[in-house]
Amino acid sequence: MNKEKKEKKQAIKKQHIIEAGTRLIVQKGIDKTSLADIADEAGISKGSLYYYYASKNELIFDITEAHMNQISENLFGIIEESKGSASVEEILKLLYERILDADTRGRLHIYLVQQALNDNENLKEKFRKVYQEWKNTIREGFERLEPGVSNHNVISSLIIAALDGFLIQSLLKVDPITGDEFISHLDLKIKK
């Protein structure tokens with residue numbers, strides 16, 4: 001087998017392991033998911049799993065990477081889809097609704113944040129980096145939609161914080177508000 005085919009086969013196997021690990025973490029949480037469980041879920045031996053991941057932390061990092069990339073792609077997609085034709089309020093409503101509709105992804109997000117906060121410095125740094133990218137993306141999107149407004153950086157931080165908070169409330173089944181309610185009470189029209 002040539003090198004390119006071997007690398008492609010390994011990438012597919014790693015993706016399969018990441019997907020199996022993600023499913024189990026969503027079901028059981030990180031602490032209650034072992035590498036043996038993940039190997040069983042992926043349909044491979046524990047030895048094969050160790051070929052790809054020497055530790056649970058390495059696998060958790062790749063799961064985090066895949067998760068954050070998917071959320072980022074979703075965020076970028078929402079902003080790109082608008083191409084300036086949608087208002088800030090319409091984009092935020094769509095973002096709010098997509099995040100809250102993704103129950104499985106939301107549960108995974110909270111588990112991974114918890115792991116990052118429990119002294120996993122690699123994950124903590126990954127979250128810092130990606131959250132900064134999200135802030136920048138939202139800020140840049142608002143700057144295109146509302147040029148001249150001076151506080152896009154503050155607004156982008158507040159939006160990310162609000163979305164994380166609403167995600168937690170949704171997972172806890174706290175009376176959620178609708179996207180329309182969220183937008184109607186969010187005053188983004190700051191004086192220029």
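User: Helices are DSSP runs (H or I, at least four residues) and strands are too (E, at least two), both numbered from the N terminus; in which helix does L112 lie?

Analyst: L112 is located in helix α6. The model is predicted, so local features need pLDDT of at least 70 and side-chain atom pairs count only at pLDDT 80 or more, while totals for chains, interfaces and linings use all residues. Residues are numbered from 1 along each chain as its sequence is written, and side-chain values use heavy atoms, with hydrogens and water left out.

User: Is L112 buried or exposed?

Analyst: L112 is buried, because its relative accessibility is 0%. Buried stands for under 20% relative accessible area, exposed for over 50%, and partly exposed for the range in between (1.4 Å probe, protein chains only).

User: And what does L112 touch?

Analyst: Leaving aside residues up to four places away in sequence, L112 touches I30, I60, I63, T64, H67, L123 and F127. A contact requires heavy atoms within 4.5 Å.

User: How far is L112 from G179?

Analyst: Their C-alpha atoms are separated by 25 Å, and L112 and G179 are 67 residues apart along the chain.

User: Turning to the core, which residues touch the most other members?

Analyst: In the largest nonpolar core, which has 44 residues, those are I17, L49, L59 and W134. Such a core is a set of buried Ala, Val, Leu, Ile, Met, Phe, Trp, Tyr and Cys residues joined through side-chain atoms within 4.5 Å. In soluble globular proteins, nonpolar side chains tend to be buried together.

User: Take L59, then. What does it touch?

Analyst: L59 is in contact with I17, I18, L35, I38 and Y53, again not counting residues up to four places away in sequence.

User: New topic: how many salt bridges are there?

Analyst: The count is seven salt bridges. Each one needs a side-chain nitrogen of Lys or Arg within 4 Å of a carboxyl oxygen of Asp or Glu.

User: What is the N to O distance for K28 and D37?

Analyst: The salt bridge between the side chains of K28 and D37 has an N to O distance of 2.8 Å. K28 counts as partly exposed because its relative accessibility is 34%, and D37 is also partly exposed, at 25%.

User: Which residue does K124 pair with?

Analyst: K124 forms a salt bridge with E121, and the closest N and O atoms are 3.4 Å apart. Both residues lie in helix α7 (residues 121–145), three residues apart, about one turn of the helix.

User: Are these two buried or exposed?

Analyst: K124 counts as buried because its relative accessibility is 19%. E121, with a relative accessible area of 45%, is partly exposed.

User: What else does K124 touch?

Analyst: Beyond residues up to four places away in sequence, K124 touches A116, L117 and D119.

User: What about E125 and R128?

Analyst: Their side chains meet in a salt bridge with an N to O distance of 2.9 Å. E125 and R128 are three residues apart in helix α7, so about one helical turn separates them. E125 is partly exposed with a relative accessible area of 44%, and R128 is partly exposed at 46% relative accessibility.

User: Now the pockets. How much space lies in the largest pocket?

Analyst: The largest pocket holds about 310 Å³ of space. It is lined by 18 residues, of which I71, N74, L95, I99 and W134 are the closest to its centre. On a 1 Å grid over the protein atoms alone, a pocket is an open set of points with protein on both sides within 12 Å along at least five of seven lines; a cavity is a set where a 1.4 Å probe fits but cannot get out; lining residues have an atom within 4 Å of a point. Grid points are joined across faces, edges and corners, and a volume is the space filled by probe spheres set on the points.

User: Which helix gives the most to that lining?

Analyst: α4 gives the most, with five residues. At least two residues each come from α4 (56–82), α5 (88–101), α6 (103–117), α7 and α8 (152–171).

User: And which classes are present in the lining of the largest pocket?

Analyst: That lining has ten nonpolar, five polar and three charged residues. Nonpolar covers Ala, Val, Leu, Ile, Met, Phe, Trp, Tyr, Cys and Pro; charged covers Asp, Glu, Lys and Arg; the others, Gly among them, are polar.

User: How many cavities of 30 Å³ or more are there?

Analyst: There are two cavities of 30 Å³ or more. The second largest cavity has about 30 Å³ of space, and its lining includes Y96, L100 and F166. Helix α8 gives the most to that lining, with three residues.
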